[in-house]
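User: Please take a close look at a single part of this protein and describe its surroundings in detail. A short view of the whole chain beforehand would help to place that part.

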Amino acid sequence: MKVLHYHQDSCNGEQASRTCDNRSANEKCANQKSTGQKVAVVDKVIDSKASAKNSFSTLAKLLAAALLINVNTSWAGSLEQAKRLHDRLAGVPADASTLGQMRDLIDQGNGLDAAYVAMESKHFYNTTLKLFSTPWTNIDQDIFLPLNDYSATVIGMVRDDLDFRQLLQADIAYVGRPTLNLPAYNINNNQHYQALEDNAIDLQADLVQVTQSSLNGLPTEATAGVLTSRAGAKAFFYLGTNRAMLRFTLINHLCTDLEPIKDNTLPPDRIRQDVSRSPGGDSRLFVNNCLACHSGMDPLAQAFAYYDYDFNQDADPEGDAGNIAYNQTGTTDPVTGTRVQAKYFNNNTTFPLGFTTTNDQWQNYWRSGNNRSLGWDPALTGSGAGLKSLGQELANSEAFAQCQVKKVFKNVCLRSAESDADINQLASTTASFKQNGYQLKRVFAELGNYCMGE
Ligand code: HEC
């Protein structure tokens, strides 16, 4: 995913803030957060549709389209198509017999089955899906990080054709088969997954599904798929105020950052005490800017009120040996006096009349105003307690379904959707994704077919 980082310098008008556009700067920001300084970094995910097109490129496209009409029939024969389909899905060339099988299926008009043949390659799992999911597991969206419990769970769920909406809500995880004799899953490190990678274990053959609660000890009702994975917690519950978990879930799974969905018509009543109502002495800035994100974001991020990522800040500043923490029923946090984690009281003297978090009841204000366009499920209520029901709210949105399809399009077509035909294809594949039980492999198959003749 291409991400243009830009600086949002207004999270606290009274204090200078910093650009966080690389790993070390992000660390600085994280450290700032822990010392009470306030920084928000807002990345803008570039939407290809929004990028300006000049008349030259339009002309070039028209010419290219005209050429394509002439050469289309001779250019991509079924063998070529089979090759391309395999390369795109598996990331490696096919052997002769696989290629022949795929070509025959394409000749019979059965490109979908040809794609499924390509996805029998272990490289579809070990390479394509690994690289596809890894950027979702860290704030830098780095594609080249080791396998972890978040990416392994994505890979396993795709392999097993599970309903992809469960990614954000189920009591689920994938680990290596016990007979592999690797270091066991450990809530305090990533060694199990590192070993799967170091030993080049065939993930298609050797990932097994388990309950996440059996690994990390969370109560089942507190699990929410990859959002409560160790890697997810390490990346998005790390220091800060837990708002990062919401922001990155939006970026990774609804394909939008906060900037494009700002709405300053919503009520401010759930905005926490750490957000100044007159940043830099100017209350207009609050109304026009801060409120536009925080009014909707804060009541959603309340779902994470009982979660944190625990690690030793002095000995282990990166949190490599940390674990997800969850305040179970009956826990009283010494700072908040409730089950709510202390980080929800960071800088609570900035605006004492702001909202005080006392539980994990979230509410989706974006069901009103502009952000109705994210397509919330009318069968759900738009409110709840805890992360599992929030995961359900997000995963049942139209934006979630569209986002998965958009990401696969980029992955197999090696470009963003641009033309009317592309946009129509996104829409029809999104509809088919929903109709066919949200199976992501099918999305790879449909879009692989769409792009194999280019
Ligand atoms: C485009 C959306 C957006 C706007 C506008 C915005 N914020 Fe934020 N704010 C965020 C996000 C996202 C975070 C969480 C950052 C993180 O932890 O990665 C955040 C975090 C914060 C925090 C907590 C920082 C910490 O210690 O972790 C404060 C305080 C804050 N914002 C205040 C403000 C104020 C004051 C304004 C207006 C001047 C403002 N914000 C405008 C999105 C926004």
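Analyst: Two residues are in contact if their C-beta atoms, placed from the backbone, lie within 7 Å. The model is a predicted one, in which local features need pLDDT of at least 70 and side-chain atom pairs count only at pLDDT 80 or more, while totals for chains, interfaces and linings use all residues. Residue numbers start from 1 along each chain as its sequence is written.

Among contacts in the protein between residues at least 6 apart in sequence, 67% join residues at least 24 apart. The secondary structure comprises 17 helices and eight strands, taken as DSSP runs (helices H or I, at least four residues; strands E, at least two) and numbered from the N terminus. Of the 454 residues, 45% are buried; a residue is buried if 20 or more other C-beta atoms lie within 10 Å of its own, exposed if 12 or fewer, and partly exposed in between.

The part chosen here is helix H7, residues 149-159, where 11 of 11 residues are buried. Among them are Asp-149 and Arg-159, as well as Tyr-150, Val-154 and Met-157. Just after H7, Asp-161 adopts a positive phi of about 55 degrees. Most residues other than glycine have a negative phi.

One neighbour of H7 is helix H6 (residues 122-133): the two axes come within 9 Å and cross at roughly 125 degrees. Axes are lines fitted to C-alpha atoms over the stretch in contact, with angles running from 0 to 180 degrees between N-to-C directions. This angle makes H6 oblique to H7, since angles under 35 degrees count as roughly parallel, over 145 as roughly antiparallel, 65 to 115 as roughly perpendicular and the rest as oblique. The crossing of H6 and H7 is right-handed, the near helix being turned clockwise from the far one by less than a right angle.

H6 contributes Tyr-125, Leu-129, Lys-130 and Ser-133 to the contact, and H7 contributes Ser-151, Val-154, Ile-155, Val-158 and Arg-159. By class, the contact of H6 with H7 holds five nonpolar, two polar and two charged residues. Here Ala, Val, Leu, Ile, Met, Phe, Trp, Tyr, Cys and Pro count as nonpolar, Asp, Glu, Lys and Arg as charged, and the others, Gly among them, as polar. As for the spacing along a helix, an α-helix has 3.6 residues a turn, so residues three or four places apart point the same way.
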